[in-house]
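This report looks at a ligand site and at the packing of some helices. The sequence and structure come first.

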Amino acid sequence: MQAMKESILSTHALSKRYGQRTVVDQLELQVDRGEVFGFLGPNGAGKTTTIRMALGLVEPTAGSVELFGSDVRTHGAQVLPRVGALVESPALYGYMSGRDNLRAVGRVLGGISESRMDEVLEVIHLRGRDGDRVNTYSLGMKQRLGLGLAMLNDPDLYILDEPANGLDPAGIAEIRDLLRELAAQGRTVFISSHVLSEIQQICDRVAIIQEGRLVTLSTVAQLTESGGEFIVIVERPEAALALVRTQPWGQKARLEDLQLVVPSPSGRGRDLVQFLAGHGHWPDVIRERQQSLEEIFLDLTGREAR
Ligand SMILES: Nc1ncnc2c1ncn2[C@@H]1O[C@H](COP(=O)(O)OP(=O)(O)O)[C@@H](O)[C@H]1O
Ligand SMILES: [Mg+2]
């Protein structure tokens, strides 16, 4: 039997103003149990502010955040212990070993055994280096240790603010693998990034925000489907381009190396062929070109317009 959807994190008309500036604006999010949810937006979009509100670190100007169905402001003491968080760079003691960092946090949490620390060190691939001072760790190792601290009490929900920030591709891949493992164990992961390609492979759904406002919320598959373009070879590309440009769906059409790059009126190739042929432009060749998520991201956040 399929498990019922259970809301693990949701925001309702969540807003934050600093002085005259609205940095989070009427945000509506809902994350279900077991999801890896990507929270995307360019720098300054309001991701960290949203995450701080979700963790009860910053007071919303209006609206609310619910974790496990309870308002963080009124039920923080009950729900926040079920959350593992990593916000910006983790606070680590550089002069202490990785294991001693885990011990220090474990003492604060209480009831964290040495064997749990072994487990966590195994998962974050620091088992062999746990006796070394954190000062000697690479950035990726520090980031993994930060994640390890968040994992100690085996939380149901991870809230991770740009955990891939500043990592090289290998480090990013390691973080991705780790999050996949957590998701496979039924944990819910809410992860922010300003670089779509870092997290698109592991996310079930993504929300994209821009200037504090939700731009889109959908599955990764839906995002790529709707963004499809076609490359068409026709005898008179300039004339075909001018024709397509007269259509509302054809505003983004352009020529690349005398090939027509064009969306379809319906998203389907056959409707594009029918339209072109109907106006005397029989395509010699038509093939689909999937827009990369990165391009969609830039389109949606309107950066090319600036
Ligand atoms: N404490 C604060 N006081 C005033 N402005 C802030 C404060 N925190 C964040 N901001 C502003 O809010 C906007 C969103 O910031 P932030 O949430 O950090 O964005 P992101 O994490 O998406 O890069 C930025 O313009 C930032 O300068
Ligand atoms: Mg941020």
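How many residues of the shell around ligand 1 are nonpolar, how many polar and how many charged? The shell divides into 4 nonpolar, 5 polar and 2 charged residues. The model discussed here is predicted.

**The ligand site**

The residues around ligand 1 are Tyr 18, Arg 21, Val 23, Pro 42, Asn 43, Gly 44, Ala 45, Gly 46, Lys 47, Thr 48 and Thr 49. Among them, Gly 46, Lys 47 and Thr 49 each place an atom opposite an oxygen atom of the ligand, as the table lists.

| Residue | Atom on the protein side | Distance to an oxygen atom of ligand 1 |
|---|---|---|
| Gly 46 | backbone N or O atom | 3.0 Å |
| Lys 47 | side-chain N or O atom | 2.8 Å |
| Thr 49 | polar side-chain atom | 2.6 Å |

Taken alone, ligand 1 exposes 570 Å², and the protein buries 62% of that area. Two or more residues of the shell come from β2 (21-32) and likewise from α1 (47-54). Of the elements, α1 gives the most to this shell, with 3 residues.

**The helix pairs**

Which helices run roughly parallel to each other, and which are oblique? The pairs are taken in turn below.

Helix α5 (residues 139-151) and helix α6 (residues 169-184) have axes that come within 11 Å and cross at roughly 15°. An angle under 35 degrees counts as roughly parallel, so α5 is roughly parallel to α6. The crossing of α5 past α6 is right-handed.

Helix α5 also packs with α3: their axes are 10 Å apart, and the angle between them is about 30°. This angle makes α3 roughly parallel to α5 as well. Here too the crossing, of α3 past α5, is right-handed.

Helix α3 (residues 98-109) takes part in another pair, with helix α4 (residues 114-123). The axes of α3 and α4 come within 11 Å and cross at roughly 130°. The helices α3 and α4 are therefore oblique to each other. Their crossing is right-handed.

**In brief**

Around ligand 1, α1 is the element that gives the most residues to the shell, and the side chain of Lys 47 has an N or O atom 2.8 Å from a ligand oxygen atom. Among the helices, α5 is roughly parallel to α6 and α3 is roughly parallel to α5, whereas α3 and α4 are oblique.

Key: Residues numbered from 1 in each chain as written. Chains lettered and ligands numbered in written order. Predicted model: local features only at pLDDT ≥ 70, side-chain atom pairs only at ≥ 80, totals over all residues. Heavy atoms only, no water. Near = heavy atom within 4 Å. Polar contact = N/O pair within 3.5 Å; in protein donor to acceptor, adjacent residues only side chain to side chain. Areas by Shrake-Rupley, 256 points an atom, 1.4 Å probe, with all protein chains shown as cover. Helix = DSSP H or I, 4+ residues; strand = E, 2+ residues; numbered from the N terminus. Nonpolar A, V, L, I, M, F, W, Y, C, P; charged D, E, K, R; others polar. Axes fitted to C-alpha atoms, helices over the stretch in contact; angles between N-to-C directions. Parallel < 35°, antiparallel > 145°, perpendicular 65-115°, else oblique. Left-handed = near helix turned anticlockwise from the far one by under 90°.
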